[in-house]
Amino acid sequence: MSEPRPGGEGHTGRVSPQGGTRRRHRGRLRAAQWPMVLGLTLMWMLLWGTPTAANALTGALVGVVVCVVFPLPPIETQVRLRPAGILRFSLRFLLDMVVSSWRLNRYILGLRPPLCAVLAVRLRCPSDLMLTATSIAVSAVPGSNVLDVHRASGTLFVHVVGAGEKSERERARYEVLRLEARVVGAFGTRADVEALGAGGPGNFRKGGGPWRR
């Protein structure tokens, strides 16, 4: 009886190491999810602070490499791109950057150094992705920086420049929660939007407060 040839019917030989390696690489490439790459690109550009084509290209390459080397679970069910919300978030975020920069320069050029504070702001959306995106956006705004995140309670510990008075601290909390609402409105799922609308801890009325704009 002749022996079955490799690759023929009845062949039970092992797969070559080269074939297994190629399949593993293909699996890792499939793990490079484009929503995650887009988010990492935006984060890269925010960290550099200059929205140039070179920074966008570099951020996209870094995002692909990170997703390939460190594959993450699928996030399709954790994010939903809303074009109107993304446009609204982008425009208002640029406005926040301008206003915060002017406010920070006023503090720097003032006669007395500004007082700082660390505020605990409990967010309303329980999603880890929205919590991460909000903390990145808050840190990108001049004059504020997220020092720590308590994942279980969804609390951001934010260092704020110019928070000596109670009204300034309330304004800082309000701006963090408003930024969370814009992030959820741009990238949140239906469950995230419902959690935001339900209020929860740290709720505030939309458009309310003395810093309405």
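What share of the contacts in the chain with a separation of 6 or more comes from residues 24 or more positions apart? In this predicted model, such residues account for 74% of those contacts. The chain has 213 residues, of which 32% are buried. Its exposed area is about 14000 Å², with carbon and sulfur atoms supplying 62% of that area. Seven helices and three strands are present, and their order from the N terminus is α-α-α-α-β-α-β-β-α-α.

Aromatic contacts were examined over the whole structure, and the search finds two aromatic pairs. In the pair of Phe 89 and Phe 93, the rings are stacked, with a distance of 5.5 Å centre to centre and an angle of 25° between the planes. Both residues belong to helix α4 (residues 83-108), where they are four residues apart, about one turn of the helix. Phe 89 counts as buried because its relative accessibility is 14%, under the 20% limit. Phe 93, at 8% relative accessibility, likewise counts as buried.

The other pair is formed by Phe 89 and Phe 187, whose ring centres are 6.1 Å apart. The planes of these two rings stand at 75°, over the 60 degrees required, and the pair is therefore edge-to-face. This contact links distant parts of the chain, since Phe 89 lies in helix α4 and Phe 187 in helix α6 (residues 166-187), 98 residues apart. Phe 187 is buried, as is Phe 89. Together, Phe 89, Phe 93 and Phe 187 make up one aromatic cluster.

Charged side chains provide further links to helix α6. Five salt bridges are counted in the structure. One of them joins Arg 178 to Asp 96, at 4.0 Å from N to O. Arg 178 is part of helix α6 and Asp 96 part of helix α4, so this salt bridge ties together parts that are 82 residues apart in sequence. Arg 178 has a relative accessibility of 8% and counts as buried; Asp 96 also counts as buried, at 8%.

A salt bridge is also formed by Glu 175 and Arg 103, with the closest N and O atoms 3.4 Å apart. Because Glu 175 lies in helix α6 and Arg 103 in helix α4, the pair connects parts separated by 72 residues in sequence. Arg 103 counts as buried, with 13% relative accessibility. A further salt bridge, 3.0 Å from N to O, brings together the side chains of Arg 124 and Glu 180. Here the link runs from the loop between β1 (116-122) and α5 (128-140), which holds Arg 124, to Glu 180 in helix α6, 56 residues apart. Arg 124 and Glu 180 are both buried. In addition, salt bridges with shared partners unite Asp 96, Arg 178 and Arg 182 in one network.

Strand pairing was considered next. Strands β2 (residues 144-150) and β3 (residues 155-161) run antiparallel and are joined by six bridges. Within this pairing, Val 149 is placed opposite Leu 156 of β3. The hairpin of β2 and β3 has four residues between the strands, and Gly 154 adopts a positive phi near 65° there.

At the surface, Val 62, Val 65, Val 66, Val 69 and Phe 70 make a nonpolar patch of about 410 Å². Among them, Val 69 belongs to helix α3 (residues 53-69). Val 69 has a relative accessible area of 44% and is partly exposed.

How values were computed:
Residues numbered from 1 in each chain as written. Predicted model: local features only at pLDDT ≥ 70, side-chain atom pairs only at ≥ 80, totals over all residues. Heavy atoms only, no water. Phe/Tyr/Trp six-rings, centres within 6.5 Å; stacked < 30°, edge-to-face > 60°. Helix = DSSP H or I, 4+ residues; strand = E, 2+ residues; numbered from the N terminus. Buried < 20%, exposed > 50% of the residue type's maximum accessible area, 1.4 Å probe, protein only. Pairing = 2+ DSSP bridges. Patch = residues over 30% accessible without salt bridge, like charges linked within 9 Å, V, L, I, M, F, W, Y side chains within 5 Å. Areas by Shrake-Rupley, 256 points an atom, 1.4 Å probe, with all protein chains shown as cover. Contact = heavy atoms within 4.5 Å.
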